[in-house]
Protein chains: 4
Amino acid sequence: MARMDSEQRKKQILECAKKLFARKGYYQTQISDIQHEAGVARGTIYQYFKNKDDIFKTLLENLHKEMKDVISSKPANLEEDFSSGEKVFRYRIKKAFALFANDPDYCNLLLRVGLGLGDSFDSILGRFDRQMVELIKSYLVSGIKLGRVKPDIDPVLMSNVIGGGFMRMAYFYGVTGKGSKTEEFEQLTENFVNAFAYGIFLEKP
Amino acid sequence: MARMDSEQRKKQILECAKKLFARKGYYQTQISDIQHEAGVARGTIYQYFKNKDDIFKTLLENLHKEMKDVISSKPANLEEDFSSGEKVFRYRIKKAFALFANDPDYCNLLLRVGLGLGDSFDSILGRFDRQMVELIKSYLVSGIKLGRVKPDIDPVLMSNVIGGGFMRMAYFYGVTGKGSKTEEFEQLTENFVNAFAYGIFLEKP
Amino acid sequence: MARMDSEQRKKQILECAKKLFARKGYYQTQISDIQHEAGVARGTIYQYFKNKDDIFKTLLENLHKEMKDVISSKPANLEEDFSSGEKVFRYRIKKAFALFANDPDYCNLLLRVGLGLGDSFDSILGRFDRQMVELIKSYLVSGIKLGRVKPDIDPVLMSNVIGGGFMRMAYFYGVTGKGSKTEEFEQLTENFVNAFAYGIFLEKP
Amino acid sequence: MARMDSEQRKKQILECAKKLFARKGYYQTQISDIQHEAGVARGTIYQYFKNKDDIFKTLLENLHKEMKDVISSKPANLEEDFSSGEKVFRYRIKKAFALFANDPDYCNLLLRVGLGLGDSFDSILGRFDRQMVELIKSYLVSGIKLGRVKPDIDPVLMSNVIGGGFMRMAYFYGVTGKGSKTEEFEQLTENFVNAFAYGIFLEKP
DNA sequence: TATGAATGAGAGTTCATTCAT
DNA sequence: TATGAATGAACTCTCATTCAT
């Protein structure tokens, strides 16, 4: 194998590993699979990663970071008016959809493979979806305070329902590969938010 | 080991396997774990099951069957009036909640462990949730035809959102162990259905 | 492989391992070597031992125990007269010689292989020879108190010299295989003790 | 890395290797350890040595040569009188002590690490101690002929005992680091020779 | 000459499955 | 039918060595 920039080689291995882990799961992906997929010798992998675990965890951490960025991003030129909170919410939902839809392997890894590994990787995932649900919950709570969200809903229950609904939908669209164009995310987001809109908001937005 | 009815012995092994699979995942559960948990010799397990796969698949099939019964059940003495469709829906949601909540291992197995196994068990799970979503979709479609459900919603998207929301919520309540009394299921179901009610139904039920 | 009593099988594996470790050293002895030597499948070894280390340590511990018994043994019917201390000393020297001579593999393991392993096995060996030297030192010290041993000798130095001399001799006779008959141990011991006798004892014994 | 005289570079690598081999043993010392210790790239080592074996063997040979020089050295201005043989013996013993004491790594390498490697390095060590014992034996034999050493001692046994005693003592003082001043070697040698003097010589020297 | 990324044979270990008792 | 010792394929990981730069 030709020499290669160290950072690039690491990325290459990670990319191949992501693909395989996403499709075959953690345990059914052998180091030799990654080796062949990456066109690299066995030992090379171990020069960049401590062990199989390390590859998987690095992968999860990277993905996690990416998602965090998306989730905490805000649209530029946002006037801080009454509805800005909701706009941010929509913005993030859309971004997250796009992230999943553009990277089905990512989608699988986070939404399925990572879940099935018992508690081995729990701490790293931080149980990713727990975070997402937490975020939604806090959004609802502050919505209630602001008088925008119905005060009689149960934020815990509702955040689980919304979060689960989102992820199932993301998974569906991410994996089946339907809808990868920007307009569609727009539409998807709209529909998704609308599904809950009447049930949550005091006035239809 | 005291002699035991053959059917009973099989059940006992399955019960132990369920517990372990649910808590540690498929690959991290060894045959020897099951052996010890069940207080049975290693070879005995192979008298009742072809192999490890067979245990897991049997488990999934059993659970699946149970769920199917719930999902296709109807409350007795149901007058076939206009709102009966919705009543059945609520009834089933409540039953399904109860099923998960009463058996957290079941919950874990179906909602998490089964997901991480790559495609190995896909065909058996039949992708359990796919079925559930399919069911919801058909419910929505017929709702539209009956003029009860808004005609402008996307049934595919909506069924994914509702299904995902349900499972996330079921997982949350099933695993965290909150809410195991009947009244609570009633309440849970009510809240859950309400979350979508305004977004879906033409008139609030 | 025919079924076998569990304790016997363990012994058999240990015996084969001892032979190989003694002749080829720790690192050059592969599990597969032991496997073939014992005529056992690879996995069988791991049913009796946690890992390669465990085999080696068990071996050392067993040998150590054996040696300890020898070193702390006393001839029967020993009158507790003035010279009994010396008699016990001779008795033990002779016994230790015999032990080494009758089991050259043992000899090699303790006197050579164990030494080359860095500190990995230090704690178990307890640095076997350190113990032996300590024993000799305490013997000398009490000899001085009893007025039997020259008060101007340095017990630390002398115990090292005697201990080292003994082990080198044991190694020589044990490995070269010369002198395995009882009379010869008698003679060997006599010569060995005499080598130091004039230098140590106040009166020739 | 600054350019360096080729011979110097080789020495530097050897020195680092000696330190590591002595402390961790042959197998537990990795090329990468030597690399880091020497502050040299991995490939550089292979510019100076064929392989790991080669490093170790070079080391042993160097040490061996050094020891040979010591062992065959004579004090200057030695009159060839009756007692000169004994003087040479003492002289060499003292020198050898000093050599070990001044270089504990050397000591460890020769007295412990080299021994544990099975037969891999046997031929090179030439079983260093075998040579030493041989030397002592020949000294004893000629002593007997000259009427200085008791004719009834067994030279084979005695040379082993003396050689073993010497090495154990050298190891003890070399590794524990006690006694590095010249006077102490004088004393050490005196004590060591005296230990055997009465048992070996016809008249006390 | 110096480098260090790449290599891959080979080591230890695991664990589902078999089968003699 | 029940047992658990025995099996060995398959896996992860190590590390001395090579070689393009």
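Visitor: Where is B:Asp105 found, and why is it called buried?

Guide: In this predicted model, B:Asp105 is found in helix H6 of chain B, which covers residues 104-111. Its relative accessibility is 13%. Buried means under 20%, so B:Asp105 counts as buried.

Visitor: Which residues does B:Asp105 touch?

Guide: Leaving aside residues up to four places away in sequence, B:Asp105 touches B:Lys18, B:Lys19, B:Ala22 and B:Arg23. A touch here means heavy atoms within 4.5 Å.

Visitor: Let's move to chain A. What makes A:Ile93 buried?

Guide: A:Ile93 has a relative accessibility of 7%. Set that against the limit of under 20%, and A:Ile93 therefore counts as buried. The residue is found in helix H5 of chain A, residues 84-102.

Visitor: What does A:Ile93 touch, not counting residues up to four places away in sequence?

Guide: A:Ile93 touches A:Phe166, A:Thr189 and A:Phe192. There is also a C-alpha distance to look at: the C-alpha atoms of A:Ile93 and A:Phe185 are separated by 9.1 Å, and these two residues are 92 residues apart along the chain.

Visitor: Now to charges. Why is the pair A:Lys18 and A:Glu15 called a salt bridge?

Guide: The general idea is that side chains of opposite charge can pair when their charged atoms come close. For A:Lys18 and A:Glu15 the N to O distance is 3.3 Å. The rule asks for a Lys or Arg side-chain nitrogen within 4 Å of a carboxyl oxygen of Asp or Glu, so A:Lys18 and A:Glu15 meet in a salt bridge.

Visitor: How are A:Lys18 and A:Glu15 placed in helix H1, and is each one buried or partly exposed?

Guide: Both lie in helix H1 of chain A, 3 residues apart, which is about one turn of the helix. A:Lys18 is at 7% relative accessibility and so counts as buried. A:Glu15 has a relative accessible area of 45%; partly exposed is what lies between under 20% and over 50%, so A:Glu15 is partly exposed.

Visitor: Which residues are linked with A:Lys18 in a network of salt bridges?

Guide: The network links A:Glu15, A:Lys18 and A:Asp103.

Visitor: How do you know that the salt bridge of B:Glu186 and B:Lys94 links distant parts of the chain?

Guide: Look at where the partners sit. B:Glu186 is in helix H10 of chain B, residues 182-200, whereas B:Lys94 is in helix H5 of chain B, residues 84-102. They are 92 residues apart, and their N to O distance is 3.0 Å. B:Glu186, at 43% relative accessibility, counts as partly exposed, and B:Lys94 is partly exposed at 21%.

Visitor: What makes D:Lys24 and D:Asp33 a salt bridge?

Guide: Their N to O distance is 3.1 Å. The cut-off is within 4 Å, so D:Lys24 and D:Asp33 meet in a salt bridge. D:Lys24 is partly exposed, with a relative accessible area of 31%, and D:Asp33 is partly exposed too, with 21%.

Visitor: How many salt bridges are there over all chains, and how many across the interface of chain A and chain B?

Guide: A search of the whole structure finds 36 over all chains. Across the interface of chain A and chain B the rule finds 0. Polar contacts do occur there: 4 residue pairs, with both residues at pLDDT 80 or more.

Visitor: Which helices of chain A supply the side that touches chain B?

Guide: Helices H1, H6, H8, H9 and H10 of chain A each supply at least two residues. The largest share comes from H9(A), with 12 residues. By type, that side of chain A divides into 19 nonpolar, 11 polar and 11 charged residues.

Visitor: How much area do chain A and chain B bury between them?

Guide: They bury about 3,100 Å², 59% of it on carbon and sulfur atoms. On the side of chain A, A:Arg112, A:Leu157 and A:Arg168 lose the most area to chain B, together 21% of what that side buries.

Visitor: Why are chain D and chain C described as related by a two-fold rotation axis?

Guide: A rotation of 179 degrees with 0.0 Å of shift along its axis superposes chain D on chain C, with an RMSD of 0.2 Å. The two copies are therefore related as by a two-fold rotation axis. The same surface serves both copies, since 98% of the contact residues of chain D recur in chain C.

Key
Residues numbered from 1 in each chain as written. Chains lettered and ligands numbered in written order. Predicted model: local features only at pLDDT ≥ 70, side-chain atom pairs only at ≥ 80, totals over all residues. Heavy atoms only, no water. Buried area = accessible area lost by both parts, 1.4 Å probe. Polar contact = N/O pair within 3.5 Å; in protein donor to acceptor, adjacent residues only side chain to side chain. Helix = DSSP H or I, 4+ residues; strand = E, 2+ residues; numbered from the N terminus. Nonpolar A, V, L, I, M, F, W, Y, C, P; charged D, E, K, R; others polar. Least-squares fit on C-alpha atoms with pLDDT ≥ 70 in both. Buried < 20%, exposed > 50% of the residue type's maximum accessible area, 1.4 Å probe, protein only.
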